[in-house]
Amino acid sequence: MLKGKHVLIGVSGGIAAYKSVELASMLKKQGAIVKIIMTKNAQEFVTPLTFKSITGESVSYTMFDEEKPIEHIALADWAEIFIIAPATANVIGKIANGIADDLLSTCFLAGKAIKIIVPAMNVYMYENKVVQRNIQTLRDLGYLVLDPDIGYLACGYSGKGRFPESREIVDAIKVFSYFGTKIISLQNKKILITAGANREKIDPMRFISNRSSGKMGVSLAKAAALMGAKVMLIHAHIEEKVPYYIDSIKAETANLMYNEVMGIADNYDIIIMCAAVADYTIEDPANEKIKKKENISLQLSRTKDILFELGQRKKDNQILVGFAAESEDMIDNAKAKMIKKNCTHIIANSLYTSGKDETEQVLISKDKELKLIGSKLETACKIIEEIVK
Ligand SMILES: Cc1cc2nc3c(=O)[nH]c(=O)nc-3n(C[C@H](O)[C@H](O)[C@H](O)COP(=O)(O)O)c2cc1C
């Protein structure tokens with residue numbers, strides 16, 4: 001999603017400046033062309049040479065350079081994505097108030113790129129009403145602000161203000177650049193998403209499960225939450241980390257997932273059932289480890305059909321999206337499932353994309369079939385865009 005994109009990173013003078021070296025490196029590995037602007041204070045933390053070595057591009061930090069007299073406009077024009085990471089309280093305050101007193105703040109004002117801000121600071125600085133007001137001002141003006149992570153901070157405090165992991169920032173850049181300025185369209189929407197593979201207990205050690213990795217469900221949750229929706233992710237076993245900005249509940253078995261989903265489903269505008277829910281559970285799981293014998297038989301019983309029940313109680317304006325993972329007759333089977341379960345949309349996909357980053361899907365609704373190919377994050381963005389249209 002970032003191949004060949006011009007990404008300009010503005011680095012300001014926070015302790016997390018060193019972490020944006022990793023961010024620059026990761027963006028470059030994803031095929032982006034990365035240039036850097038540093039504030040004077042950022043250079044107290046990391047040298048321009050470090051960024052230059054990582055990006056292979058020049059690093060800019062001065063306004064009044066005889067060699068490059070109008071660098072602030074040249075860089076602003078060059079950038080397709082302009083991200084300030086880390087953004088200090090100082091730089092946030094400046095850009096929220098139109099102050100342009102150095103290369104970074106001037107360039108940010110001049111650019112027409114997608115503009116993203118990643119605040120990182122001490123928890124009390126972050127909670128300060130002036131800082132919060134400035135962040136809100138930026139959001140209201142259409143700037144994309146990625147919430148900081150919560151956890152241990154360099155100052156010794158614990159709380160909100162941590163610079164997110166580079167991987168999370170890269171995914172946020174992908175989602176933000178996909179949607180561009182359409183980003184606020186999901187605000188006030190509540191979206192419930194399920195993900196992953198149920199594990200049905202055989203004994204305390206063993207279970208039956210399936211190959212779902214949860215990547216698709218987590219990607220959908222990321223795309224929706226970053227677009228401003230209030231997302232709840234109910235997940236079984238997943239191989240992906242749930243991002244810090246998404247609320248989640250773990251429901252390992254099909255029955256636990258049924259209870260969690262049914263308990264809150266009515267409160268949601270959109271429900272996306274992406275989990276590979278177990279169709280069968282072990283009737284009588286053993287409380288002690290089953291000893292090795294010759295052959296054994298497991299008695300399986302049907303689990304409750306969550307999607308079907310959601311379809312039965314669906315409110316008129318509720319969007320219900322199902323997934324149909326098929327190994328044959330993908331489209332026909334998916335269409336039949338959409339009708340049987342009373343879904344508004346169904347995503348048909350091949351079983352063989354489970355666990356992979358790339359996918360091929362067909363988004364089916366009453367009057368449309370749309371082929372989606374790409375990374376799961378990219379198709380997640382397309383699905384979210386289509387279903388809220
Ligand atoms: C060791 C140290 C760490 C700092 N870390 C942060 C930080 O994480 N976030 C922040 O907003 N300010 C931080 N500051 C304060 C900024 O450096 C200060 O506000 C400065 O004026 C920011 O300048 P700039 O925004 O032009 O880069 C830190 C200062 C010091 C001395």
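Visitor: Let's start with one side chain: how many C-beta neighbours does Lys 340 have inside 10 Å, and how does it count for exposure?

Guide: Before that, keep in mind that this is a predicted model. The idea is to count the C-beta atoms around a residue: 20 or more others within 10 Å means buried, 12 or fewer means exposed, and the range between is partly exposed. Lys 340 has 13 C-beta neighbours inside 10 Å, so it counts as partly exposed.

Visitor: Where in the secondary structure is Lys 340 found?

Guide: In helix H12, which covers residues 330-340. You can also check through-space partners by C-alpha separation: Lys 340 and Leu 307 are 33 residues apart along the chain, with 9.8 Å between their C-alpha atoms.

Visitor: And just past that helix, what is the phi of Asn 342?

Guide: About 60°, a positive value although Asn 342 is not a glycine. This asparagine is found in the loop between H12 and strand S18 (345-350). Run the neighbour count again: 15 other C-beta atoms lie within 10 Å, so Asn 342 is partly exposed.

Visitor: Which other residue that isn't a glycine has a positive phi?

Guide: Asn 188, with phi near 75°. Its place is the loop between H8 and strand S9 (190-195). Here the count drops into the exposed range: Asn 188 is exposed because just 10 other C-beta atoms are within 10 Å.

Visitor: While we're on backbone torsions, which peptide bond is cis?

Guide: Omega is the angle to read here. The bond from Ala 85 to Pro 86 is cis, with omega near 0°. Pro 86 sits in strand S4, residues 81-87.

Visitor: Let me zoom out. How many helices and strands does the protein chain have?

Guide: It comes to 13 helices and 20 strands. For overall shape, you compare the radius of gyration with the value for a compact globule with that number of residues. At 389 residues the globule value would be near 21 Å, and the protein chain has 24 Å, which agrees. Along the principal axes, the C-alpha atoms fill a box of roughly 80 × 50 × 40 Å.

Visitor: What share of the residues is buried, and what share of the contacts join residues at least 24 apart?

Guide: Buried residues make up 44% of the 389. For contacts, look at pairs at least 6 apart in sequence: 68% of these join residues at least 24 apart.

Visitor: Which domains does the assignment give?

Guide: Two pieces: domain 1 is 6-181 and domain 2 is 187-388. Their centres, taken over C-alpha atoms, are separated by 36 Å. The contact between them takes twelve residues from domain 1 and ten residues from domain 2.

Visitor: Which elements give two or more residues on the domain 1 side?

Guide: Strand S7 (149-152) and helix H8 (166-179). H8 gives the most, with eight residues. Sorted by class, that side has seven nonpolar, five charged and no polar residues.

Visitor: How many residues are in the largest nonpolar core, and which have the most contacts inside it?

Guide: The core has 118 residues, and the ones with the most contacts inside it are Val 118, Leu 220 and Ala 224. Each of the two domains supplies at least three residues to this core. To see one of these up close, take Ala 224: leaving aside neighbours within four places in sequence, its contacts are Leu 186, Ile 191, Ala 229, Val 231 and Ile 384.

Visitor: What about the ligand: which residues around it come nearest?

Guide: Out of 15 residues around the ligand, Gly 13, Gly 14, Thr 39, Thr 88 and Met 121 come nearest. By element, helix H4 (residues 89-96) gives the most to that shell, with three residues. The class split is eight nonpolar, seven polar and no charged residues.

Visitor: One last stop: which residues does Gly 159 touch?

Guide: Val 123, Ile 150 and Leu 153, not counting residues up to four places away in sequence. Gly 159 lies in strand S8, residues 158-162. With 16 other C-beta atoms within 10 Å, this glycine is partly exposed. For a C-alpha check, Gly 159 and Tyr 126 are 33 residues apart along the chain, and 9.5 Å separate them.

Definitions and conventions. Residues numbered from 1 in each chain as written. Predicted model: local features only at pLDDT ≥ 70, side-chain atom pairs only at ≥ 80, totals over all residues. Helix = DSSP H or I, 4+ residues; strand = E, 2+ residues; numbered from the N terminus. Rg over C-alpha atoms; globule rule 2.2 N^0.38 Å. Contact = placed C-beta atoms within 7 Å. Domains from an automatic or database assignment. Nonpolar A, V, L, I, M, F, W, Y, C, P; charged D, E, K, R; others polar. Core = buried A, V, L, I, M, F, W, Y, C linked by C-beta atoms within 7 Å. Near = placed C-beta within 6 Å.
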